[in-house]
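Dear colleague,

I am handing over the structure we spoke about, and below it you will find my notes. Please read them with the coordinates open beside you.

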Amino acid sequence: MFTFPDHAPFDSTTRSALSPLLAGMDSSQRAWLSGFLASAATPAVSGVDTAAEELMVLYGTESGNCEILADRALKAARGLGFRARMRNMSDVKLDELSGMKRLWVIVSTWGDGEPPETSAGFYRDLMTRDVSLAGVSYSICALGDTSYEKFCQTGKDIDKRLEELGASRVLDRQDCDVDFDEPFGQWLGQALAIWSPQRVSAQAVVDVSPKTAYGKKNPYPAELVESVYLNGEGSAKETLHLEFDIDGAGMSYEPGDVLAVFPHNAPDVVEDLLKASRLQGDEMVQVKNAGEKPLAKALRENYDITALSRSVLTKLQEATGSEDLRRLLTDEAKDELKAYMAGREILDAIHDFVPSGLSADALAGIFRKLPPRLYSIASSPLAHPGQVHLTVAAVRYQSHGRERKGVCSTYLADRVQVGDRVPVFIQQNKNFRLPADGETPIIMVGPGTGIAPFRAFVEHRAALGCKGKNWLFMGDQRYLYDFLYQLEWQDHLKSGILNRLDVAFSRDQPEKVYVQHRLLEQGAEIYEWLKNGACLYVCGDAARMAVDVNDALVSIIQTHGQMDRDAALEQIEELKKAKRYQRDVY
Amino acid sequence: MSEKTKLSANEEIKIRSNFLRGTIAEGLSDLSTGSLSADDQQLLKFHGSYQQDDRDLRAARRKHKLEKAYSFMIRVRVPGGVATPTQWLEVDRMADQFANGTIKLTTRQAFQLHGVIKSNLKRTIREINQAAMDTIAACGDVNRNVMCNPNPHLSGIHADVINVAQAISDHLTPQTRAYHEIWLDGEKLESSQEEVETIYGKTYLPRKFKITVAIPPSNDVDIYANCLSFIAVVENDELVGFNVAVGGGMGSTHNNEKTYPRLADVIGFCTVDQAVDVAEKVVLVQRDFGDRTDRKHARFKYTVDDRGPEWILAKLNEYLGYDLGPVRPFEFTHNGDRYGWVEDANGNSHLTLFIQGGRVIDTAEYPLRSGLREIAKVHQGDFRLTANQNLMIANISPATRSVIEEILERYGIKNSHEKSALRLHSLACVALPTCGLSLAEAERYLPDLITELEEVLEEHGLRHDAITIRMTGCPNGCARPYIAEIAFVGRAPGRYNVYLGGGFAGQRLAKLYRESVPADEIKALLEPLIVHYARERKTDERFGDFCIRAGYVNETLQGRDFHQNIKAEALKATAPH
């Protein structure tokens with residue numbers, strides 16, 4: 001059955017009538033319905049000629065969030081009578097922008113200030129080519145994560161560049177943190193109001209996110225039914241295989257999709273923070289959308305109490321008036337700030353700048369909302385109906401003399417027991433999809449937990465009886481202990497669904513051996529597969545692995561295609577455009 | 001009868017193998033699994049490696065969606081146990097880079113590396129060869145590492161004897177190119193027609209074959225437990241030849257009385273020049289007359305026992321084309337090592353260190369491996385692995401002695417042999433967790449058991465009285481238990497058969513004293529005997545001799561007598577069979 005949150009504006013009769021209907025729908029049906037209802041809810045304005053009022057919603061997306069938001073913006077605009085279109089940066093040519101009257105840009109930032117993978121070509125064009133965008137009015141909504149140094153960098157870059165090319169900014173850019181629904185809603189309301197003040201008040205479309213399906217605002221409490229370590233005794237790693245029961249929740253997913261998990265913070269981290277702040281934890285604080293609760297509980301459940309960012313430090317400075325912090329936050333101290341934040345968490349900042357502690361309200365005021373963590377799904381819904389599986393590496397390390405741990409990974413590893421329920425929702429990832437044609441061969445590169453979606457891919461293709469060949473490259477630290485899902489791969493090889501398996505284990509020999517080395521060893525054959533139409537997928541670490549694998553790929557195409565580097569790069573771009581080179585990297 | 005004449009499965013594997021190639025090369029390149037095929041595992045032994053798995057981890061692996069923790073043991077052949085400092089450093093390096101960080105000195109004077117995973121197997125074997133050592137025929141149905149006494153007192157004689165050991169080893173090394181092809185990227189032969197295996201032929205021997213060279217009065221190599229031994233005869237400080245002993249062996253199977261350990265018979269004498277020829281012809285006799293239908297009856301000791309030593313001698317003389325001479329007088333007084341420093345006539349020093357269980361390993365309290373590495377960096381002589389899993393640092397020049405002494409002091413190795421004489425005369429095989437055959441602990445348990453027994457010995461003033469004590473995890477006998485004065489052979493986890501009455505010089509077989517004794521009852525079982533021995537032994541009477549005189553066990557005369565005359569109370573233990 002479908003459970004409405006308490007604040008849903010329905011009486012019990014309506015609830016019981018809607019509930020079974022909604023439960024029977026899959027997520028795309030629900031998404032469509034929510035958009036439809038959202039636009040239908042806005043009263044159509046008659047008597048105003050809007051036919052000529054063109055609007056382009058241009059989006060660039062990595063995880064699919066911007067696409068969802070662009071779709072909401074599109075529907076809201078159409079609801080107000082705009083002749084609106086929605087375009088993915090991956091499909092749009094820069095020249096198409098000149099002559100546009102109205103432009104909305106919704107774009108996210110990844111890793112170290114990078115544009116989304118599929119938008120990279122457009123972004124490069126925009127940054128390097130000179131086209132006149134005079135006459136274009138625009139506004140930008142940027143998505144990002146304040147815990148990264150280059151927060152919303154792509155949005156900022158595009159904003160600046162559009163202005164340089166002559167476009168006029170009609171509304172200040174909105175930068176959204178991971179909890180983007182509300183700021184996006186505000187931006188959309190204001191943006192609509194600017195172009196159509198007579199038709200809309202800024203508040204009217206604030207709440208455009210769907211509330212009726214399980215999603216970010218309304219996660220499904222999925223029961224953990226299995227949790228096993230994938231590393232053998234003797235390993236330095238701690239990788240978990242987790243199975244959640246989503247049977248009957250009406251949540252559907254495809255291989256490549258992502259499961260978002262809402263964690264709680266660790267009690268000892270909360271404890272340390274309270275101690276550093278010289279607080280007890282029983283002080284009552286007001287938590288947005290969650291009412292009043294004891295500080296300790298809020299720290300555990302509601303706030304991001306670890307990720308250090310300029311934004312958090314700024315609020316801490318404002319709350320405490322720390323002179324040291326003020327200096328650190330000046331433009332001149334930029335590098336110093338960066339160095340300070342590296343490897344540190346909020347706890348360190350409180351230790352270092354507010355040794356005498358602060359009030360409960362002041363402390364609560366510096367945090368952002370605890371965001372969900374995203375994990376590539378490791379199961380095929382066809383192979384495991386009613387379940388969703390994850391492959392999660394528990395993150396633990398030391399820095400600046402303290403033990404650190406990943407919030408969600410250690411939440412899942414240490415504190416969630418089989419039988420417990422964890423709030424989750426599915427997020428689509430249309431940029432990481434199996435080829436529609438089951439005959440198409442695929443090459444998968446997934447070291448470490450990057451293996452997750454490929455477990456789903458192979459299971460899915462097996463279940464569908466796809467004839468296309470499957471080649472997997474995987475790796476980790478040690479063969480004996482870290483060969484994730486080894487028995488399953490052996491079964492897949494035996495059954496013939498997996499055609500080739502190449503492994504790279506970095507710490508088994510004096511030299512480090514990684515997947516890119518295996519790719520290079522098999523270069524001729526990889527090139528042959530690509531020539532025969534293979535799709536290539538990469539999942540895992542973005543900072544190094546994905547870069548090294550990409551370099552290996554360029555070198556393979558260059559060597560075996562007998563072309564120069566530029567031509568090889570061109571080929572890579574072609575592969576990306578044709579969705580034959582897809583990446584899910586983080 | 002047809003079953004009797006059917007060749008054993010391993011014979012078929014050898015025939016199919018194309019001179020030991022099998023599909024090892026293909027198996028090595030499949031990294032979806034850390035194991036090789038069953039047939040290739042058998043063939044791999046000829047190349048000096050056993051596939052094993054960590055038995056401690058077996059239960060949990062499947063839960064982690066992992067196969068068994070497969071790895072390989074690599075046995076490095078060191079004829080006579082003599083290795084250069086450079087070779088020591090290379091083995092030490094490989095122990096870290098490819099194995100489990102330890103070096104095992106074996107009871108056959110070989111190095112063993114444990115825990116080498118499949119993806120590193122080829123590279124490790126290649127690097128062993130680059131260090132001028134090899135692994136071929138370290139295991140398998142061929143002649144294994146040729147052992148030799150490292151006696152430093154007669155360094156001139158040792159040099160002569162080690163040359164003979166090396167010559168025998170070289171002569172009996174399999175000729176197949178398979179080893180070079182698989183491990184050393186040697187050129188592939190066009191066809192197997194070109195392979196010549198002059199001595200062995202394509203089915204090699206029916207079973208493993210073990211050769212030693214001994215220098216009396218030390219029987220450290222345990223000539224009575226080997227297939228073929230050459231006992232050096234020294235007259236007027238000169239090596240004049242060897243007495244030849246045949247048909248010793250240890251292995252047996254629980255609950256199978258057709259299997260038994262057997263002492264070698266000394267059948268004749270040969271000159272130094274004849275030794276290699278004699279070795280070859282004895283091997284040929286076994287090749288031609290050994291039992292290829294039953295691997296439990298295939299060792300040379302059964303050929304000798306079934307046909308009689310006289311028949312063997314006659315056949316050997318026929319193969320040689322001349323007759324062995326009559327046996328010359330010889331005497332063995334012990335089979336243990338002599339620890340500590342000795343100086344030879346040339347002024348060089350030799351130091352024998354006690355290595356518990358032959359395991360060269362660093363612990364926080366005892367950084368043995370690091371210390372030996374430091375010594376290897378400065379040592380100009382050689383290292384000699386003893387047949388008792390110990391280590392001699394040999395031919396230390398007067399100039400380096402003080403440097404080495406300083407290192408020994410610094411790493412706490414100087415007093416390695418300040419232990420009870422019982423411990424210094426102990427021997428244990430590897431057993432759990434890696435050996436696939438073991439039924440019980442050995443190397444990991446014997447040191448603790450000795451600690452328990454030491455309490456009794458100390459109390460009764462026997463700390464300095466040598467008693468040979470050996471433990472194996474299974475009845476195959478790698479640590480030569482059946483000729484020890486006290487022996488423990490694994491029956492089941494935590495249970496051992498206890499044997500007593502072996503000869504102090506390895507010259508007599510032991511007899512079953514109690515069957516399947518729980519480990520925690522061993523001390524109580526042996527305490528009264530030790531007390532009795534302390535009180536009533538005669539002058540210089542050995543513990544093994546005493547056990548027979550006092551009637552704890554009957555004397556075992558020869559292999560066929562091993563399962564006979566066992567006292568009724570020995571079988572009383574209520575053990576699971």
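Which strands of chain B does helix α16 (residues 446-459) lie across? Please keep in mind that this is a predicted model. Helix α16 of chain B lies across β16, β17 and β18 (486-492) of that chain, and runs at about 145 degrees to β17(B). Helix α17 (residues 522-536) of chain B also packs on the sheet, where it touches β18, β19 (495-500) and β20 of chain B, and its direction makes about 145 degrees with that of β20(B).

The sheet itself is open and consists of five strands of chain B in the order β16-β17-β18-β19-β20, with mixed pairing. Its edges are taken by β16 (426-428) and β20 (511-518) of chain B, each of which has a single partner strand, so one side of each is left without a neighbour in the sheet. On average, and with direction ignored, neighbouring strands of this sheet are turned by 20 degrees against each other. At the β16 edge, β16(B) pairs with strand β17 (residues 469-472) of chain B in the parallel sense over three bridges, and B:S426 stands opposite B:I469 there.

Elsewhere in chain B, the axes of helix α2 (residues 9-16) and helix α4 (residues 38-46) come within 10 Å and cross at roughly 80 degrees, which means that α2(B) is roughly perpendicular to α4(B). The contact is made by B:N10, B:I13, B:K14 and B:R16 on the side of α2(B), and by B:D39, B:Q42, B:L43 and B:F46 on the side of α4(B); these residues divide into three nonpolar, two polar and three charged.

In chain A, I looked at strand β3 (residues 102-108), where seven of the seven residues are buried, so the strand is largely enclosed by the rest of the structure. A:R102, A:W104, A:I106 and A:S108 point one way from β3(A), while A:L103, A:V105 and A:V107 point the other way. The strand pairs in the parallel sense with β1 (residues 54-60) of chain A over five bridges, and with β4 (residues 137-143) of chain A over seven bridges. A:W104 takes part in both pairings, as the bridge partner of A:V57 and of A:S139. Together with helix α4 (residues 120-128) of chain A, β3(A) and β4(A) make a right-handed β-α-β unit.

Finally, A:T118 lies in the loop between β3 and α4 of chain A and is partly exposed, with a relative accessible area of 24%. Leaving aside neighbours within four places in sequence, A:T118 is in contact with A:T61, A:S90 and A:N431.

With best regards

Technical notes
Residues are numbered from 1 along each chain as its sequence is written. Chains are lettered from A and ligands numbered from 1 in the order in which they are written. This is a predicted model: local features need pLDDT of at least 70, side-chain atom pairs count only at pLDDT 80 or more; totals for chains, interfaces and linings use all residues. Side-chain values use heavy atoms; hydrogens and water are left out. Buried means under 20% relative accessible area, exposed over 50%, partly exposed in between (1.4 Å probe, protein chains only). Helices (H or I, at least four residues) and strands (E, at least two) are DSSP runs, numbered from the N terminus. Two strands pair if DSSP finds at least two bridges between them. A crossover is right-handed if, with the strands pointing away from the viewer, the path from the first strand over the helix to the second runs clockwise. Axes are lines fitted to C-alpha atoms, for helices over the stretch in contact, and angles run from 0 to 180 degrees between N-to-C directions. Angles under 35 degrees count as roughly parallel, over 145 as roughly antiparallel, 65 to 115 as roughly perpendicular and the rest as oblique. Contact means heavy atoms within 4.5 Å. Ala, Val, Leu, Ile, Met, Phe, Trp, Tyr, Cys and Pro count as nonpolar, Asp, Glu, Lys and Arg as charged, and the others, Gly among them, as polar.
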